[in-house]
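Please open the structure in your viewer and keep the selection tool at hand. The tour below goes from one selection to the next and says what is found at each stop.

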Amino acid sequence: MDPSLLIFVALIGVVILLVTLSAILRRYKRCPSDRILVIYGKTGKNATGGISSARCIHGGASFIWPVFQSYAFLDLTPISIECNLTNALSKQNIRVDVPCRFTVGISTEPESMTNAAERLLGLSTEEIRNIATDILFGQLRLVIATMDIEEINADRDKFLANVSANVEAELRKIGLKLINVNVTDIRDESGYIEALGKEAAAKAINDAKKSVAEQNRYGEIGKAEADRDKDIRIAETTRDTRICTADANAKAVEGENNSKIAIANSDALRREKQAEAERLAVAAEKVQAAKALEEAYKSERDAELARAEREKATQQANVVVPAQIDKERLIIEAEAEAEQIRRRAQGEADAIFAKMDAQARGTLEILSKQADGFAQMVRAAANDPQKAVLMLIADRLPELVKTQVEAVKGIKIDKVTVWDNAASGGNGATSTANFISGMMKSVPPLDELFKMAGMKLPSYLQGEARQEGDAKEEESQSPAAE
């Protein structure tokens with residue numbers, strides 16, 4: 001075989017080997033420490049024997065089979081979620097505001113990683129935050145509903161433990177883990193927590209005042225005892241001195257008597273000072289006891305006032321708040337009903353407007369068509385309106401005649417009684433003939449009807465006498481006659 005052909009085949013084999021090795025290296029994926037490598041596709045079976053939806057790897061590396069498998073990453077960066085829960089109902093039916101901040105992240109436990117791969121793969125950080133926020137709000141309301149306000153406010157460890165237990169169980173279902181929860185402050189609309197704080201502060205202040213009063217009392221008693229001991233020692237010293245002086249100078253009975261008198265006076269003075277000291281100590285003791293009782297009574301009064309405020313807040317939460325809610329509900333229902341009435345009235349008004357608009361359009365269309373018909377009629381009459389009117393009258397002449405006939409149609413001649421003495425009038429007619437003639441004259445002739453309408457009846461529809469009268473009238477109105 002040709003050596004050059006062997007070299008060519010060897011080069012082709014080396015190229016194929018390098019391409020294959022490069023493809024294998026590209027499909028070998030390493031997982032960073034802050035991510036989870038999710039391999040999906042044909043991943044085999046899980047621990048229970050079923051088909052595994054995905055295989056999750058945290059740390060390490062794995063080979064991704066082309067065509068049969070693909071991969072994606074889940075970010076382990078913690079997500080901070082602010083949950084400013086408001087109007088949450090506690091176990092005592094008091095609304096509280098509990099602003100919290102949660103820190104969550106995707107868990108690295110095998111089961112939780114599988115849940116995250118099934119439910120969170122492909123979602124953005126904001127979408128994951130929204131899902132977690134809904135879960136946190138619901139579980140936080142549930143925990144607050146099972147605890148008293150005193151427990152929530154005083155025993156924060158218990159509250160945080162309950163929140164962590166409830167929230168973590170729900171977050172684990174979607175592959176998340178609760179990292180930290182921080183409750184900034186707890187407030188309520190009724191002022192119950194503030195009343196508890198005032199009660200605790202008042203109790204602490206009263207205890208401090210009581211302790212101060214007791215210490216003052218002990219100090220006064222000690223001072224009184226010290227003064228008494230001082231006076232006693234001074235009296236004894238004075239007595240001893242006087243006794244020594246009296247012994248030294250006493251040379252007679254008078255000296256001894258003076259010494260005895262001095263001793264007696266010293267004893268009396270000592271007893272007087274001692275009695276005065278005891279009186280002052282007892283008085284100070286009683287004064288301090290009275291002050292202590294006064295402070296105790298004041299503390300009890302403040303405690304009762306605080307308890308009354310708490311009872312008032314509780315009653316307000318139990319009675320006033322539901323009444324306020326009912327009031328707002330009634331207001332909303334009334335506004336909704338008023339809105340329905342307004343909408344119904346608006347609909348009826350729109351319907352009436354549409355109906356009147358349609359009627360107006362129909363009337364306008366009828367009048368427009370009549371106007372067009374009249375215009376065509378005038379054009380047919382050689383643009384002479386008088387001839388066009390005559391054409392209309394000729395068309396309506398049977399109806400006019402019928403109207404005149406209708407005027408006397410209802411008269412029953414056989415029911416009319418005329419007393420006729422057979423005498424004739426000036427025109428040579430009898431009374432009966434004159435009555436009939438007058439009755440017929442009361443019906444306006446066609447010529448009169450036309451004159452009342454401002455028109456003139458054609459000459460072929462007038463009688464001879466009427467034609468002669470019209471001719472004379474025209475002659476009288478002509479310029480020649482003037």
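How many residues does the largest nonpolar core have, and which of them have the most contacts inside it? In this predicted model, that core has 43 residues, and those with the most contacts inside it are Phe-102, Ile-144, Phe-159 and Leu-171. Select helix α3, residues 125-145, as the next step, since this helix gives the most to the core, with seven residues. As background, nonpolar side chains in soluble globular proteins tend to be buried together.

Now centre the view on Ile-144 and show what surrounds this residue. Beyond its neighbours within four places in sequence, Ile-144 is in contact with Leu-85, Ala-88, Leu-89, Ser-90, Lys-91, Val-96, Val-98, Ile-152 and Phe-159. Another core, of five residues, lies apart from the largest one, and Cys-31, Leu-37, Ile-57 and Ile-64 are among its members.

Go back to helix α3 and pick Gln-139, which lies in this helix. Is Gln-139 buried or exposed? Its relative accessibility is 14%, so Gln-139 counts as buried, the limit for that term being under 20%. When the neighbours within four places in sequence are left aside, Gln-139 is in contact with Asn-166, Val-167 and Glu-170.

The next selection is a pair of strands, β6 (residues 79-89) and β7 (residues 95-106), which run antiparallel and are joined by nine bridges. Within this pairing, Asn-84 of the one strand stands opposite Pro-99 in β7. Follow the chain through the hairpin, where five residues lie between the strands, and stop at Asn-93, which takes a positive phi near 60°.

Finally, turn to the aromatic rings, for the structure holds two aromatic pairs. In the pair of Phe-63 and Trp-65, the ring centres are 5.0 Å apart and the planes stand at 90°, so this pair is edge-to-face. Phe-63 is partly exposed, with a relative accessible area of 23%, whereas Trp-65, at 52% relative accessibility, counts as exposed because the limit for that term is over 50%.

Tyr-71 and Phe-73 form an aromatic pair that is likewise edge-to-face, with 5.9 Å from centre to centre and 80° between the planes. Tyr-71 is partly exposed at a relative accessible area of 29%, and Phe-73, at 29% relative accessibility, also counts as partly exposed. Before leaving Phe-73, add Arg-35 to the selection: Arg-35 lies over the face of Phe-73, at 5.5 Å from the ring centre.

Notes: Residues numbered from 1 in each chain as written. Predicted model: local features only at pLDDT ≥ 70, side-chain atom pairs only at ≥ 80, totals over all residues. Heavy atoms only, no water. Core = buried A, V, L, I, M, F, W, Y, C linked by side-chain atoms within 4.5 Å. Buried < 20%, exposed > 50% of the residue type's maximum accessible area, 1.4 Å probe, protein only. Helix = DSSP H or I, 4+ residues; strand = E, 2+ residues; numbered from the N terminus. Contact = heavy atoms within 4.5 Å. Pairing = 2+ DSSP bridges. Phe/Tyr/Trp six-rings, centres within 6.5 Å; stacked < 30°, edge-to-face > 60°. Lys NZ or Arg CZ within 6 Å of the ring centre and 35° of its normal.
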